[in-house]
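Thanks for sharing this one; I had a good time going through it. Here are my notes, in the order I would raise them over coffee.

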Amino acid sequence: MKKSLLATGAALALGVGIAASAMAQVKPDVLVKQRQAVMTLQGKYLGPIGAMMKGAVPYNADVVAVNATFLENLARMPWDGFQPSTAGEKTKAKPDIYKDMAKFKAAWETLEAETSKLGAAARAKDEAGVRATFGGVAKACGSCHDAFREKS
Ligand code: HEC
């Protein structure tokens, strides 16, 4: 069950190709809603792990394994929604994204790499590994927001 949640490299490459070719028909306001929805879910699944890291709630390895695996998958989803066509929409995404796509892509690749490490440790029920990798995920979220998201 848990293994089936994991996309293999091949399935992932295929998925990205399909998403990219289907995207042409998606309206800019819908792309914004979709990417914001993925971001919201990332927050949903990161939050409880963060609370456990701080000791605010007891550590639960099963919850961490599920949440980290969802995060690992979610971390691959929002990026094809950041199209220049969305620059005029109501959004917190800074237009700088479309001026420096390489930097934005590097930031999302960092999140993908960090969530993979967290996911592997979480599924192995390796609490020390989760504690060692969580900070890298949180930092990947925060540093992209600092660079590319408007402050509210
Ligand atoms: C590569 C850049 C990048 C990374 C990495 C990233 N975000 Fe975001 N995030 C954004 C941008 C840009 C927006 C603004 C999107 C918009 O308004 O269209 C955003 C918006 C959000 C929002 C607000 C969504 C809404 O409905 O307005 C949340 C919550 C969020 N991110 C959580 C996270 C979490 C949690 C992580 C890490 C697990 C993360 N983000 C990683 C760029 C990033």
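The points below go from the ligand shell to the cysteines, the nonpolar core and one loop residue.

1. A reminder before the details: this is a predicted model. Please read every distance and accessibility below as a value computed from that model.

2. Let's begin with the ligand. Its shell holds 24 residues, and the closest are Met 39, Thr 91, Cys 141, Cys 144 and His 145. Sorted by class, the shell consists of 15 nonpolar, six polar and three charged residues. Helices α2, α5 and α6 each contribute at least two residues to the shell, and α2 gives the most, namely eight.

3. Which atoms sit opposite the ligand's oxygen atoms? For Thr 91, a polar side-chain atom is 2.6 Å from a ligand oxygen. Gln 36 also uses its side chain, with an N or O atom 2.8 Å from an oxygen of the ligand. Lys 92 takes part through its backbone instead: a polar backbone atom there is 2.8 Å from a ligand oxygen. If you set up the ligand for your own calculations, these are the three pairs I would look at in the viewer.

4. Two cysteines, Cys 141 and Cys 144, are among the residues closest to the ligand. Are they buried or partly exposed? Cys 144 has a relative accessible area of 13%, under the 20% limit, so it is buried. Cys 141 reaches 21%, so it counts as partly exposed. A disulfide is a covalent bond between the sulfur atoms of two cysteines. The count of disulfides in this model is zero.

5. Now the largest nonpolar core, which has 28 residues. Within it, Ile 49, Phe 104, Leu 118 and Val 130 touch the most other members. The elements giving two or more residues to this core are α2 (28–54), α3 (61–74), α5 (101–123) and α6 (127–148). The largest share, seven residues, comes from α5.

6. Ile 49 deserves a look of its own. Beyond its neighbours within four places in sequence, Ile 49 is in contact with Val 64, Asn 67, Ala 68, Leu 118, Val 130 and Phe 134. Leu 118 and Val 130 also appear with Ile 49 among the core members that touch the most others.

7. Finally, a backbone detail. Most residues other than glycine have a negative phi. Lys 125 is not a glycine, yet its phi is positive, at about 55°. This lysine lies in the loop between α5 and α6. With a relative accessible area of 40%, Lys 125 is partly exposed.

Methods
Residues numbered from 1 in each chain as written. Predicted model: local features only at pLDDT ≥ 70, side-chain atom pairs only at ≥ 80, totals over all residues. Heavy atoms only, no water. Core = buried A, V, L, I, M, F, W, Y, C linked by side-chain atoms within 4.5 Å. Buried < 20%, exposed > 50% of the residue type's maximum accessible area, 1.4 Å probe, protein only. Helix = DSSP H or I, 4+ residues; strand = E, 2+ residues; numbered from the N terminus. Contact = heavy atoms within 4.5 Å. Near = heavy atom within 4 Å. Polar contact = N/O pair within 3.5 Å; in protein donor to acceptor, adjacent residues only side chain to side chain. Nonpolar A, V, L, I, M, F, W, Y, C, P; charged D, E, K, R; others polar. Disulfide = S-S within 2.5 Å.
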